[in-house]
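Grab your viewer and work through a few exercises. Try each task on your own before reading the solution below it.

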Amino acid sequence: MGTSVAQAIPIAISPILTRLYSPEDFGVLAMFLAITMTLGSVANARYEVAIMVLRTDDDAINIAALSVIISPFFSIILLFPAVLLNSQLTSFLGNEEIGFWLYLVPAVVWLTGLFNVLNYLNIRNCQYRDIAKASVYKSLVMAIFQILIGVVKSGVSGLIVGQVMSDIAANYQLSKNVIRYYCLSGIRLKKLYALGKKYKDYPLHNTPATLLDNAALQMPFLLLPKLFSLVVGGQFLLAQRMVGLPSSLISKPISQVFFQTMTEKNNNGEKTLPFLKLTLKRLFLIALPITIAVYIVSPFLFRIVFGEEWTFSGTIAQYIVIAFFIRFIVSTVSPVFSVSDNLKIGAAWKYLYFISTGLIFLYSFLSSMNLENFLILFVFHEYVLYLLYLYLIFKVTKQMDEVVK
């Protein structure tokens, strides 16, 4: 219920935001989020994922401490390109306004890394109610700042400041549980070093793979403005957000519970394949009606709800929702690779996904492809790659069950 409320808030304010901000403003926001989400996903060298697979809370809080120590150093490193290469990065992205906001990237990346650690610690302790509560606070804070600033000041600043303040609010809420339920005095440097060495595969294999995977997912927001226009980038962001709401509302919580349950079953020597199949069946039954409904109504709904200026975003949403169907089902069960400790297989797929996505954009650029053909190619690519991903998930799960035998 809390997660539903958290997602209802952005839906409720979207018609207001699309009248306070232009498609170009959303295009700049899309660039900023693409950069911070991609870099933030690896701010802790992916050690935070190990929080879920460790057997004791003492080990979990120590690996979390290691993650928290790493992220500030990573953010400091990001200061150098943000300051020294600001003009070059701004020129590459093809938008002058993004240049100022690049200075804020290191701080937001650190906030994202901290959120990832706190989130996994709360999932480990099954504090789903408080995770949902943090999501509500995050959405409320974002809505308040984006609307208030948008009323008094034009431009993208309200959209970005709202995002930053919402991250701070969510981190504050989740940190209270960590202080309450975990023994912070048990953190030891010797333990940090031992766990860092034991789980070195996370930074060695999971980090570069996750970086490239997120870069591939965010590539449209960075390159569509160069390939077509900043307006198209903003229209694509709104379409992605609206279509992606079911994923945030349903897929993410299910994935969190799926991760925890699969970990428990694996640690207890139980078979995991039946649970995987059951989860996939339920995800299919959830995704199918959503996909059909969104495909039918999006062109009309976007024009009515968001205004005439955003009509084309509804057309883009028709293509995105087809890709959403396969992504929604497969991505939700992707924690299998972390549960089974088969990080190299998951990493190999992510490398392939990044390379193939990059080739699509390169081909589109060289061939001067129109937007409709690009979207068709985009959807086809998603199905080919995610069906391969699903095959690998089944293969890894079967291997886990064979070990149980």
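**Exercise 1.** Work out whether F258 is buried or exposed, and find what it touches.

Solution. Keep in mind that this is a predicted model. Start by placing the residue: F258 sits in helix α11, which covers residues 230-267. Next, check the accessibility. F258 has a relative accessibility of 2%, and the cut-off for buried is under 20%, so F258 counts as buried. Now look for partners, skipping residues up to four places away in sequence: F258 touches F275, L276, T279, T332, V333, P335 and V336. For a sense of scale, pick G155: it is 103 residues from F258 in sequence, and the two C-alpha atoms are 40 Å apart.

**Exercise 2.** Describe how α8 packs against α6 and against α2.

Solution. Two numbers do most of the work here, since a pair of packed helices is described by the angle between the axes and the distance between them. Take α6 (residues 105-124) and α8 (residues 157-181): the angle is about 35° and the axes are 9 Å apart. This crossing is left-handed. On the α6 side the contact includes V108, L111, L114 and F115, and on the α8 side V164, D167, I168 and A170 are among the residues involved.

Now turn to α2 (residues 23-40). With α8, α2 also packs at about 35°, with axes 9 Å apart. The handedness, though, is right-handed for α2 and α8. Here D25, F26, L29, F32 and L33 of α2 meet L159, I160 and Q163 of α8.

**Exercise 3.** Which residue does R124 form a salt bridge with, and which parts of the chain does the pair link?

Solution. The whole structure holds eight salt bridges. In one of them R124 pairs with D57, and the closest N and O atoms are 2.9 Å apart. Then place the two ends: R124 is in helix α6 and D57 in helix α3, 67 residues apart, so the pair links distant parts of the chain. As for accessibility, R124 counts as buried at 16%, while D57 counts as partly exposed at 40%.

Set that beside a local pair. K133 bridges to D130 with the closest N and O atoms 3.7 Å apart. Both lie in helix α7, three residues apart, or about one turn of the helix. K133 is partly exposed at 35%, and D130 is buried at 13%.

**Exercise 4.** Find where R46 and S368 lie, and say what is notable about their phi values.

Solution. Recall the background first: most residues other than glycine have a negative phi. R46 goes against that, with phi near 65°, and it lies in the loop between α2 and α3. S368 has a positive phi too, about 55°, and sits in the loop between α15 (343-366) and α16 (371-404). Their surroundings are another matter: R46 counts as buried at 14% relative accessibility, whereas S368 counts as exposed at 63%.

**Exercise 5.** Which helix gives the most to the nonpolar surface patch?

Solution. List the members: I76, L79, F80, V83, L84, L85, L89, F100 and Y103 make a patch of about 900 Å². Helix α3 (residues 57-84) gives the most, with five residues. L84 is found in that helix, and its relative accessible area of 61% makes it exposed.

Methods:
Residues numbered from 1 in each chain as written. Predicted model: local features only at pLDDT ≥ 70, side-chain atom pairs only at ≥ 80, totals over all residues. Heavy atoms only, no water. Patch = residues over 30% accessible without salt bridge, like charges linked within 9 Å, V, L, I, M, F, W, Y side chains within 5 Å. Areas by Shrake-Rupley, 256 points an atom, 1.4 Å probe, with all protein chains shown as cover. Salt bridge = Lys/Arg side-chain N within 4 Å of Asp/Glu carboxyl O. Helix = DSSP H or I, 4+ residues; strand = E, 2+ residues; numbered from the N terminus. Buried < 20%, exposed > 50% of the residue type's maximum accessible area, 1.4 Å probe, protein only. Axes fitted to C-alpha atoms, helices over the stretch in contact; angles between N-to-C directions. Left-handed = near helix turned anticlockwise from the far one by under 90°. Contact = heavy atoms within 4.5 Å.
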